[in-house]
Structure formats: C-alpha cells, structure tokens
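Work through the exercises below with the sequence and the coordinates at hand. Each task is followed by a solution in steps.

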Amino acid sequence: MLVPANADLHCHSTVSDGTLAPAALARRAHANGVQIWALTDHDETGGLHEAASAAQALGLHFVPGVEISVSVGDQTVHILGLGIDPSNPLLLGGLAQVRAGRDARAHLMAKALEQHTAISGVYEGVSRYAGNPALISRTHFARYLVEQGVCGTTHEVFGRFLTPGKPGYVEHTWATLQDAVEWIRAAGGQAVIAHPGRYRFTPTEEWALFSSFKEMGGAGVEVVTGSHTASDFRKYASLALAFSLRASRGSDFHSARESRCDLGQLPALPADLSPIWELLH
Ligand code: AMP
Ligand code: MN
Ligand code: MN
Ligand code: MN
C-alpha cells in the first residue's frame, strides 16, 4: 500500500497536559502537513470527540488514541493505545482507575513542594492549570512553579523538583503493563510502547520489557519521537525488527513554548520498518 508521508500519532491537548484544545491541535496538525493524526491524552479519552469532528472538517485522517501510565518495576512507562474505541467499557473503567490515583498523588506533591519552596496553596494553584482535576500532572506543577517565579522554565522545574530523587517527586503505582495492553486490545486498539529511549532500564530489563510486551499482544514501538536522538532511532528500529513490532512516529507535542518538536515535524521512519498506521484504517 501507499505509505503516507506524514503520520503524527502522539500529542496532548488541554484535556491532559497540552496547552491547545483538541480542535486547535487538529488545525495545527493539518497546517503542518500531517496526513494521519492521533490525539493521545494521558489516561483520558475526553478530547477524542472534538478532535474527530475537527479532523473530519479538515479532511484529516484521525486515529483515536490514549497514552496510559504504567508501572514497570520502579519506573513509569507510557503505553499508547491507537485506534481505540473510546466507548469500550473495559478501557473506560481502567482509565478511570488510573486517574483516581492522580489526585492523591497531587496532594502529596503539593505538600512536599510547600516544604521545599517559599510558596503555599500549591494544590489550589496547580488545580487552576489542570482542565480536569482528575488529570493533574507534573506538567501542571511545573507551569505553576514558573508562574510563581520559583524557576525560569518548566524544564528547570523538572530538573530541580519533579524527577526521581528530587523533593517534589512522589513515587506512584500506575496500571500494570498487562492491564494496559488488555484494555487497549479489548477496545480494538493497537498497543505501542511510547518513547522507549526515555526510560532508564538496563539492557537486560529493556529486553525483558519488550519480550513481555510482545507476549501480551503489544503491537508496536515508537521509533521516531520528539524525545529520541538519531542513535535512539537506530536502536529502536533494530528492536522493532528483532521483536517483529510495528513502528510508530509521533511528536509528543504539548505546547509551542515547551515542546522540542512541533506536530508533523519529525524525520521519516526508517524504510525497512512496518508502520503501525497500516493497521489503523
Ligand atoms: P505525570 O504523568 O504527572 O508523571 O507527568 C508526566 C508528564 O510530564 C510527561 O507526559 C511530560 O509531559 C512531562 N515531563 C516528564 N518529564 C519531563 C521533563 N524532564 N521535562 C519536561 N517535561 C517532562
Ligand atoms: Mn505529558
Ligand atoms: Mn509519555
Ligand atoms: Mn505523551
């Protein structure tokens, strides 16, 4: 078949931690030349209806998606569900369960940050940044601390406060890998390991993650993403081939100010890989 030149299957709207509404993202994707586009908010499908209508009006091929937070050992791994049916009850129930943990975590993070900075009322302040209180993320904390003048950039907030070992980081247990893959498959979707280059696994642990993901029925891996280097492209291209996984491509766009990579502006997938979007029609 004809492989579309520009697929972007990973980005975030105001429904999770992006700064553009779903319809505005659709327009930006279209203006940037994207031909197949997925919205993949964290643990939530609430933006998909608006995104689908906006994409349809633009003649842009839309893929309904989600990015599920998963715990593997002591690390957080993100699993994309692409081509999901957003009304599937198993998926909706699973996502609601994952979201339920976020609010409690946000209260603990706020308390910890109040002890390590001069600011107070952190939970209330951060809540203003989250469209949905059940979806408070570290990104909203970062934006609030910049607003309060604690740091100059969100990137600096993550480095000083919000990453493992730093004072505002709170350990949290998300979904299991098995559950996330099952929910996605039950909803008719394809499960894809997001930005594998960002995790801190040993080579043995990483091989085990790919093996169990494949055994569970996982379909693909993001090879070309905004958070990968050129050497990550090569590494994950070869892992995709080794595990017979489909390859995906996505900017992980959140905001024009904060994101390294805009919608649709990524290198092409290496030609020897099978694109995940061949399964998304
Ligand atoms: P959470 O799901 O609340 O743990 O937040 C994760 C989100 O924080 C990711 O989806 C990114 O949008 C953002 N994030 C994580 N690490 C960083 C970082 N080092 N710099 C900027 N944003 C980050
Ligand atoms: Mn995010
Ligand atoms: Mn992610
Ligand atoms: Mn993402």
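A residue counts as buried when its relative accessible area is under 20%, and as exposed when that area is over 50%. The model used here is predicted.

**Exercise 1. Classify histidine 10 as buried or exposed, and list its surroundings.**

Step 1. Locate the residue: histidine 10 sits in the loop that runs between β1 (7–8) and α1.

Step 2. Apply the cut-off. The relative accessible area of histidine 10 is 0%, so the residue is buried.

Step 3. Look for side-chain partners. Histidine 10 and glutamate 67 are joined through their side chains by a polar contact of 3.1 Å.

Step 4. List the contacts, setting aside neighbours within four places in sequence. For histidine 10 they include Ala38, Thr40, Leu80, His195, Glu222 and Asp252.

**Exercise 2. Which residues make the contact between helix α1 and helix α2, and how do they divide by type?**

Step 1. Set out the geometry. Helix α1 spans residues 22–31 and helix α2 residues 48–58; the two pack at an angle of about 35 degrees, and their axes are 8 Å apart. The crossing of α1 past α2 is right-handed.

Step 2. Collect the residues. From α1 come Pro22, Ala23, Ala26, Arg27 and His30, and from α2 come Glu50, Ala51, Ala54, Ala55 and Leu58.

Step 3. Sort them. The contact holds 7 nonpolar, 1 polar and 2 charged residues.

**Exercise 3. Describe the nonpolar cores and the place of isoleucine 79.**

Step 1. Take the largest core, which has 69 residues. Leu9, Trp37, Ile68, Ile79, Leu82 and Val223 have the most contacts inside it.

Step 2. Ask which element supplies the largest share of this core. Strand β3 (residues 61–72) does, with 6 residues.

Step 3. Examine isoleucine 79. Beyond neighbours within four places in sequence, its contacts include Val66, Ile68, Val70, Leu177, Ile184, Val192 and Phe213.

Step 4. Note the other core. Apart from the largest one lies a core of 19 residues, among them Met109, Val126, Phe161 and Leu162.

**Exercise 4. Compare two residues other than glycine that have a positive phi: histidine 195 and serine 244.**

Step 1. Read the angles. Phi is near 25 degrees for histidine 195 and near 50 degrees for serine 244.

Step 2. Place both residues. Histidine 195 belongs to the loop between β5 (190–193) and α8 (203–215), and serine 244 to the loop between α9 and β7 (246–250).

Step 3. Apply the cut-offs. Histidine 195 has 2% relative accessibility and is therefore buried, whereas serine 244, at 55%, is exposed.

**Exercise 5. How is serine 227 placed, and what is it in contact with?**

Step 1. Serine 227 lies in the loop between β6 (220–225) and α9 (230–242).

Step 2. Its relative accessibility is 13%, so serine 227 counts as buried.

Step 3. Leaving aside neighbours within four places in sequence, serine 227 touches His195, Arg198, Asp232 and Arg260.

Step 4. Serine 227 and alanine 194 are 33 residues apart in sequence, and their C-alpha atoms are 10.0 Å apart.

**Exercise 6. Which side chain forms a polar contact with that of histidine 254?**

Step 1. Histidine 254 is found in the segment after β7. Histidine 254 is buried because its relative accessibility is 14%.

Step 2. The partner is aspartate 17, at 3.2 Å.

Step 3. Without neighbours within four places in sequence, the contacts of histidine 254 are His12, Asp17, Gly18, Thr19, His42 and Ser259.

Note on methods:
Residues numbered from 1 in each chain as written. Chains lettered and ligands numbered in written order. Predicted model: local features only at pLDDT ≥ 70, side-chain atom pairs only at ≥ 80, totals over all residues. Heavy atoms only, no water. Axes fitted to C-alpha atoms, helices over the stretch in contact; angles between N-to-C directions. Helix = DSSP H or I, 4+ residues; strand = E, 2+ residues; numbered from the N terminus. Left-handed = near helix turned anticlockwise from the far one by under 90°. Contact = heavy atoms within 4.5 Å. Nonpolar A, V, L, I, M, F, W, Y, C, P; charged D, E, K, R; others polar. Core = buried A, V, L, I, M, F, W, Y, C linked by side-chain atoms within 4.5 Å. Buried < 20%, exposed > 50% of the residue type's maximum accessible area, 1.4 Å probe, protein only. Polar contact = N/O pair within 3.5 Å; in protein donor to acceptor, adjacent residues only side chain to side chain.
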